[in-house]
Amino acid sequence: MTSSKYPKIKEEIIYTCKEMVNQELVYSTWGNISSKLENGFIITPSGMDYLTTTTKDLVLLDLEGNITRGNRKPSVEYQLHQELYKSRDDIEAVIHTHSTYATAFAVAYQEIPAIVEDMVQVVKGAVKIADYALPGTKELALNTVKAMGNSNAVLLPNHGVVTVGSSLSEALKASVLVERCAKTYIFSNMIGKPNPLPEAEIKKLKEMYNNYGQTTK
């Protein structure tokens, strides 16, 4: 962990907390956020309202789940974050939300199909659903890793949504997009039959997005 990076990431987490509330992805104390550092990750505290949480309340854990800095109890879902970071080198941030429309799919044990091109770009395809396990358990963490695979989002049965990204902003983008796509799919069912993107088109879109955006010089 570098001393210069630690304060900046803490500020980014607090900003993301407020944005999750503003985007109606969470309410009160539910859900959690973390960001990876060289020797561990910073995570939100357990049972504290996002609108009153400050940088002093955040907790630093190593990748074995031990508290190395902070006076608060970390989120009960710290193992979920821990296992995701250990599973993939490209994951730099993890966000767990209880957003309404996406959670409806989680309650119905139904994945969210890839219905729009930006979902393929950000999420990498459909949002699959993990096997059920009790909140805060190692079993839930491992089930989440398995269902996530190389994707950037997964549904937790009777629970909510987990998204990951190369930064907090990317993980938040995925959370917002998953919720919007879940809402779009539900609404499209009201006016007709939804038509998810075929696998062949998803593959083509993934290839297209390898060169998407501006080139950094």
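# Reading burial, strands and pockets

User: Does Ser99 count as buried or exposed?

Analyst: Ser99 counts as buried because its relative accessibility is 2%, and the cut-off for burial is under 20%. Please keep in mind throughout that this is a predicted model.

User: Where does Ser99 lie, and which residues does Ser99 touch?

Analyst: Ser99 belongs to the loop between E5 and helix H3 (100-107). Leaving out residues up to four places away in sequence, Ser99 touches Glu24, Leu25, Val161 and Glu179.

User: Why does Thr44 count as buried?

Analyst: The reasoning is that of the previous case: Thr44 has a relative accessibility of 3% and therefore counts as buried. The residue is found in the loop between E2 and strand E3 (59-62). Once residues up to four places away in sequence are set aside, the residues that Thr44 touches are Ile13, Cys17, Asn32, Ile33, Tyr50, Leu58, Pro74 and Ser75.

User: How should one read a residue within a helix, for example Gln79 in H2?

Analyst: The steps are location, burial and contacts. Gln79 is found in helix H2, which covers residues 78-87. Its relative accessibility is 17%, so Gln79 counts as buried, the limit being under 20%. Apart from neighbours within four places in sequence, Gln79 is in contact with Gly136, Thr137, Lys138 and Ala141. A separation can also be read in two ways: Gln79 and Leu60 are 19 residues apart in sequence, and their C-alpha atoms are 13 Å apart in space.

User: Thr44 touches Asn32 and Ile33. Which way do the residues of E1 point?

Analyst: In a regular strand, side chains alternate between the two faces of the sheet. In E1, Asn32, Ser34 and Lys36 point one way, whereas Ile33, Ser35 and Leu37 point the other way. Both sets are buried. Strand E1, residues 32-37, is accordingly described as mostly covered, with 6 of its 6 residues buried.

User: Which strands pair with E1, and in what sense?

Analyst: Strands of a sheet pair through backbone hydrogen bonds, and the pairing is either parallel or antiparallel. E1 pairs with strand E5 (residues 93-97) in the antiparallel sense, over 4 bridges. With strand E2 (residues 40-43), E1 again runs antiparallel and is joined by 4 bridges. The connection from E1 to E2 is a hairpin through 2 residues.

User: Which residues stand opposite Ser34 and Ser35?

Analyst: Ser34 stands opposite Val94 in E5, and in E2 its bridge partner is Ile43. Ser35 stands opposite Ala93 in E5.

User: What is the order of strands in the whole sheet?

Analyst: The sheet is open, has 8 strands with mixed pairing, and runs in the order E4-E3-E2-E1-E5-E8-E7-E6. Strand E4 (67-69) and strand E6 (128-129) stand at the edges with a single partner strand each, so one side of each has no neighbour in the sheet.

User: What is the volume of the largest pocket, and which residues line the pocket?

Analyst: One reads a pocket by its volume and then by its lining. The largest pocket has a volume of about 300 Å³. Its lining holds 14 residues, and those nearest the centre are Val122, Lys124, Asn152, Ser166 and Glu170. Helix H4 (117-123), strand E8 (160-165) and helix H6 (168-191) each supply at least two lining residues. H6 gives the most, with 3 residues. By chemical class, the lining of the largest pocket divides into 5 nonpolar, 4 polar and 5 charged residues.

User: What is the volume of the second largest pocket, and what lines that pocket?

Analyst: The second largest pocket has a volume of about 250 Å³. It is lined by 19 residues, of which Lys124, Gly125, Ala126, Lys128 and Glu199 are the closest to its centre. Helix H5 (138-148) and helix H7 (199-208) are the elements that give two or more residues to this lining, and H7 gives the most, with 3 residues. The lining of the second largest pocket consists of 10 nonpolar, 4 polar and 5 charged residues.

User: How many disulfides are counted?

Analyst: A disulfide is a covalent bond between the sulfur atoms of two cysteines. Here a pair of cysteine sulfur atoms within 2.5 Å is required, and the count comes to 0 disulfides.

User: Why do Cys17 and Cys181 count as buried?

Analyst: Cys17 is buried because its relative accessible area is 0%. Cys181 has a relative accessibility of 3% and so also counts as buried.

Methods
Residues are numbered from 1 along each chain as its sequence is written. This is a predicted model: local features need pLDDT of at least 70, side-chain atom pairs count only at pLDDT 80 or more; totals for chains, interfaces and linings use all residues. Side-chain values use heavy atoms; hydrogens and water are left out. Buried means under 20% relative accessible area, exposed over 50%, partly exposed in between (1.4 Å probe, protein chains only). Two strands pair if DSSP finds at least two bridges between them. Contact means heavy atoms within 4.5 Å. On a 1 Å grid over the protein atoms alone, a cavity is a set of points where a 1.4 Å probe fits but cannot get out, and a pocket is an open set with protein on both sides within 12 Å along at least five of seven lines; lining residues have an atom within 4 Å of a point. Grid points are joined across faces, edges and corners, and a volume is the space filled by probe spheres set on the points. Ala, Val, Leu, Ile, Met, Phe, Trp, Tyr, Cys and Pro count as nonpolar, Asp, Glu, Lys and Arg as charged, and the others, Gly among them, as polar.
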